[in-house]
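Biologist: Could we go through this model together? I have a few short questions.
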Amino acid sequence: MRQFDRHQGLVAPMDRANVDTDLIIPKQFLKSIKRTGFGPNLFDELRYLDEGYPGQDVANRPLNPDFVLNQTRYQGASVLLARRNFGCGSSREHAPWALEDFGFRVIIAPSFADIFFNNAFKNGLLLITFDEATVDRLFREAEAEEGYRLDVDLEKQQVTTPSGEVLTFEVDSFRKHCLLEGLDDIGLTLKDADAIDDFEKRHRQARPWLFRQAG
Amino acid sequence: MAGQTLYDKLWSRHLVKERDDGTALIYIDRHLLHEVTSPQAFEGLRLAGRKPWRLDTNLATPDHNVPTTLKERAEGNAGIVDPVSRIQVETLDDNCTSFGIEEFRINDARQGIVHVVGPEQGATQPGMTVVCGDSHTATHGAFGALAHGIGTSEVEHVLATQCLIQRKMKNMQVRVEGELGLGVTAKDIVLAVIGKIGTAGGTGYAIEFAGSAIRDLSMEGRMTICNMAIEAGARVGLVAVDETTVEYLRRRPFAPSEEYWDAAVADWRELVSDDDAPFDKVVELDAAEIEPQVTWGTSPEMVAGVGAQVPDPAAAGDETVQRGVSRALEYMGLHAGQQITDIQLDKVFIGSCTNSRIEDLREAAKVAKGRKVADSIQLAMVVPGSGLVKRQAEEEGLDKIFLEAGFEWREPGCSMCLAMNADKLGTGEHCASTSNRNFEGRQGYGGRTHLVSPAMAAAAAIAGHFVDVRDFGAERAANDDSQVQEA
């Protein structure tokens, strides 16, 4: 997994609540058997005026000029500012893959859907939750000031605004550790292989029917 | 000591290790796989030189990409016209073969939507932890199993370690007491719950559905309810074990053998919340007050009783909510104050992991029997959840009822719930759908989805617009119950 310690980046404000996983990456792109290459189709139905399909060259597709990520001032954005319940819907990890592939490293919102939240951290994205009032204020600042950038320091759990204001955020210590070190969960869990073995033996003894196949 | 909730019991039964940072390793008993969220996980195993920890917990079937027309299905994988879809299904076959995982392939009679197949086979059992790379895994909680959706990284993690790294959720109880009105079903209960608590109302919680109205439901109805827990933001939905659960599982292929049956049942009967178990949140609904539900917007919480009107954005909560409602009405092509029953429909879809089981098809067939799909409906399709559901329905003559009424009778798969195969809505088309998500574009680019129960979908197909199924021969349907069974 890609490591994350500190990131400074341009902020794109996406003013819409309940952004669901179908909106983040529509289903026709889930047919890929790879983890990469989803960036050009991130928010496909919002970004383009036509219907997209896999394997298409997006260069010739008509862009929706009203969509935030198509506006000149937000080109190169790597911090996404979002509204409540971002990432609701499916468990498809293609959603964080698409956000990451597009170039986002940080998403800030008042709340996130559980499965999306979990998937995002496993792909090197940092998700930060601030209260509604703070997010509202960041929206106003990002919309008012062209080139609005945030400095995100995971180690210190701080976000610094262009005016020098420092906002602290909470992050799960395990997720923080994995992000800072770029650690692979599976390797970590396999360090506990003996504990899993022991559990499995006790489990099999107590409930042997869980270990039988159709017969 | 205070009692334990069902969720607490399931959690502690599977706790391998608690870590200092508050996370825990949880052992997984059943891992279901389909073609969309597994290829990258198998690839990850290969790249790292890892093997599955325990093969016999895994069960796979292709469902999202499979075509539902008989002609295409007759050719097996070769009948999948879209080459990208075909590769994904073939990749599942290849991975299952090379890793030694049991798979019900495209034309196996047992193939179907993974959340229909697991319970139908008895592969989902009370007291299990069940995961799948699919958010509707919550379905399996209907059996008193701890079941939730996972991402592809976690699919790989479960394959490699038989465990997941988890944090314990909070407990919510949704109590539905009383008797449902005639023609009102499990789907209406869960849509009413989502309407009440919102799509983020259950975030961070495991929801246990309880109360007499839930106890009175069949396993199919309980699955419909748990299936949509995720639409209320909760990864986990649960129903306690009772006689209905036990009877459903008896003699299913993967159910405990005779040798262990009694011990298993005794163990399962402990899977109820203790009377004094504390819940972090309790939500109560009166079953008698629940009307047949119809969603009018682009989120499952945008729902109303069939007798209601499309709401006015100006009267809808804070500014963010108001903007959401305005945008939804624009996308849906509806206006504030419009009667739900005035919404004209183009297509009707009866199917999906929410509502494609035998009972769902029976409910729809009761309404369709002896009637005709309205001329204005371009397509009304019934897609059974599995090959075995299809066979059962055909034995009961339901296929004939649907065909005579003008519905198409299809082969099993996820189909138009998310339109990864060829079944989809065109831009601007309104669809009465028994699926679970009415998100923008979900059923096809620019498509407009209205979530309803199977009976409501069938009634809408006949009328060409939404109608209250209670005024639409629900009484007659109830009287005809025995005839449908014997047809």
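Biologist: How many residue pairs are in polar contact between domain 2 of chain B and domain 3 of chain B?
Modeller: There are 11 such pairs, both residues being at pLDDT 80 or more. A polar contact is a pair of N or O atoms within 3.5 Å; within protein, one must be able to donate a hydrogen and the other to accept it, and residues adjacent in sequence count only if both atoms are side-chain atoms. The model is predicted: local features need pLDDT of at least 70, side-chain atom pairs count only at pLDDT 80 or more, and totals for chains, interfaces and linings use all residues. Side-chain values use heavy atoms, without hydrogens or water, residues are numbered from 1 along each chain as its sequence is written, and chains are lettered from A in the order in which they are written.

Biologist: And which side chains meet in a salt bridge?
Modeller: Those of B:Arg437 and B:Glu231, at 2.7 Å, N to O. The count between the two domains is 1 salt bridge (a side-chain nitrogen of Lys or Arg within 4 Å of a carboxyl oxygen of Asp or Glu).

Biologist: Where do the domains run in chain B?
Modeller: Domain 1 covers 6-166, domain 2 170-289 and domain 3 294-486; the bounds come from an automatic or database domain assignment.

Biologist: How many residues of domain 2 of chain B are in contact with domain 3 of chain B?
Modeller: 20 residues of domain 2 are in contact (heavy atoms within 4.5 Å) with 26 residues of domain 3.

Biologist: How far apart do the C-alpha centres of these two domains lie?
Modeller: The centres of domain 2 and domain 3 of chain B lie 23 Å apart.
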